[in-house]
Amino acid sequence: DMVRLAFFPEGDRLLAMNALSGAAIWSAHPAARVLRSFQLVPCDVYDAQVFPDGRRIVILAATRLATIWDVDSGELLLGLHNTADAPHHVARVFPDSGRLVTGVSFHQRSASIIWNALDGTVIHTMRQVD
């Protein structure tokens, strides 16, 4: 079972997730403990990132849905559906925390989608050109 890890900008917390146990934010101090858990649909988790502002996380799973969560409340804020017949495989958050790019690979082609991370709209799609 693959585990994905991402540190928070301050270095005091760690986001850890896998397909069986979902995702959790852990204290990164010697007395490590779970600070918040996020229940995900059991499936492969491909990537996870912490936003630079430390207030949100994004999780990519085999469901073809990238989910953005509020760290403090644990609330699901957005579900970003791609239109390709494949899941998002990689995510990177822009330094301004307002945009997110996800990478999709399908039928030996790839695409990157830039999203507005506040309302979930697609800003731009970049497709592989043969």
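**Exercise 1. The hairpin of strand 1 and strand 2**

Task: For the hairpin of strand 1 and strand 2, which has five residues between the strands, find what phi G11 takes, and then work out in which sense the two strands pair and over how many bridges.

Solution: In this hairpin, G11 takes a positive phi near 80°; the model examined here and throughout is a predicted one. Strand 1 covers residues 4–7 and strand 2 covers residues 13–18, and the two pair in the antiparallel sense over four bridges. To fix the register, take F7, whose bridge partner in strand 2 is L14. A further step concerns side chains: the charged end of R13 sits over the ring of F8, at 4.0 Å from the centre of that ring.

**Exercise 2. From the hairpin to the sheet**

Task: Determine in which order the strands of the sheet containing strand 1 are arranged, which strands stand at its edges, and what the twist averages from one strand to the next.

Solution: The sheet is open and consists of four strands in the order 1-2-3-4, with antiparallel pairing. Strand 1 and strand 4 (34–38) stand at the edges; each has a single partner strand, so one side of each is left without a neighbour in the sheet. From one strand to the next, the twist averages 20°.

The interior pairings can then be followed one at a time. Strand 2 and strand 3 pair in the antiparallel sense over six bridges, and within this pairing L15 stands opposite I25 of strand 3. Strand 3 (residues 22–27) is in turn joined to strand 4 by four bridges, again running antiparallel, and these two strands form a hairpin with six residues between them. On this side, I25 has R36 of strand 4 as its bridge partner, while W26 is partnered by V34 of strand 4.

**Exercise 3. The burial of strand 3**

Task: Explain why strand 3 is described as largely enclosed by the rest of the structure.

Solution: The argument rests on counting residues with under 20% relative accessible area, which is the cut-off for buried. Five of the six residues of strand 3 are buried, and therefore the strand is largely enclosed by the rest of the structure.

**Exercise 4. The sheet of strands 5 to 8**

Task: State in which order the four strands of the sheet that includes strand 5 are arranged, which are the edge strands, and by what angle neighbouring strands are turned against each other on average.

Solution: Four strands form an open sheet in the order 5-6-7-8, with antiparallel pairing. The edge strands are strand 5 (45–50) and strand 8 (76–81), each of which pairs on one side only. Neighbouring strands of this sheet are turned against each other by 15° on average, with direction ignored. Looking into one pairing, strand 5 and strand 6 (residues 56–61) run antiparallel and are joined by five bridges, with Q49 standing opposite V58 in strand 6. A charge over a ring can be added here, since the charged end of R56 sits over the ring of F51 at 4.1 Å from its centre.

**Exercise 5. The surroundings of T67**

Task: Decide whether T67 is buried or exposed, and identify which side chain its own side chain meets in a polar contact.

Solution: T67 has its place in strand 7 (residues 65–70). Its relative accessible area is 9%, which is under the 20% cut-off, so T67 is buried. The side chain of T67 makes a polar contact of 2.9 Å with the side chain of W69. Leaving aside residues up to four places away in sequence, T67 touches I57, V58, I59, L76 and L78.

**Exercise 6. Three buried residues further along the chain**

Task: For S97, find what is notable about phi; for T102 and A111, find which residues have C-alpha atoms separated from theirs by the distances 5.5 Å and 5.9 Å.

Solution: Begin with the general expectation that most residues other than glycine have a negative phi. S97 is not a glycine, and yet it has a positive phi of about 65°. S97 lies in the loop between strand 9 (88–93) and strand 10 (99–106), and is buried at a relative accessible area of 6%.

Next, T102 is placed in strand 10 and counts as buried at 1% relative accessibility. Its C-alpha atom is separated by 5.5 Å from that of V90, 12 residues apart along the chain, and a polar contact of 3.0 Å joins the side chains of T102 and W115.

Finally, A111 lies in strand 11 (residues 109–116) and counts as buried at 7% relative accessibility. The C-alpha atoms of A111 and Q128 are separated by 5.9 Å, with the two residues 17 apart along the chain.

Note on methods:
Residues numbered from 1 in each chain as written. Predicted model: local features only at pLDDT ≥ 70, side-chain atom pairs only at ≥ 80, totals over all residues. Heavy atoms only, no water. Pairing = 2+ DSSP bridges. Axes fitted to C-alpha atoms, helices over the stretch in contact; angles between N-to-C directions. Lys NZ or Arg CZ within 6 Å of the ring centre and 35° of its normal. Buried < 20%, exposed > 50% of the residue type's maximum accessible area, 1.4 Å probe, protein only. Polar contact = N/O pair within 3.5 Å; in protein donor to acceptor, adjacent residues only side chain to side chain. Contact = heavy atoms within 4.5 Å.
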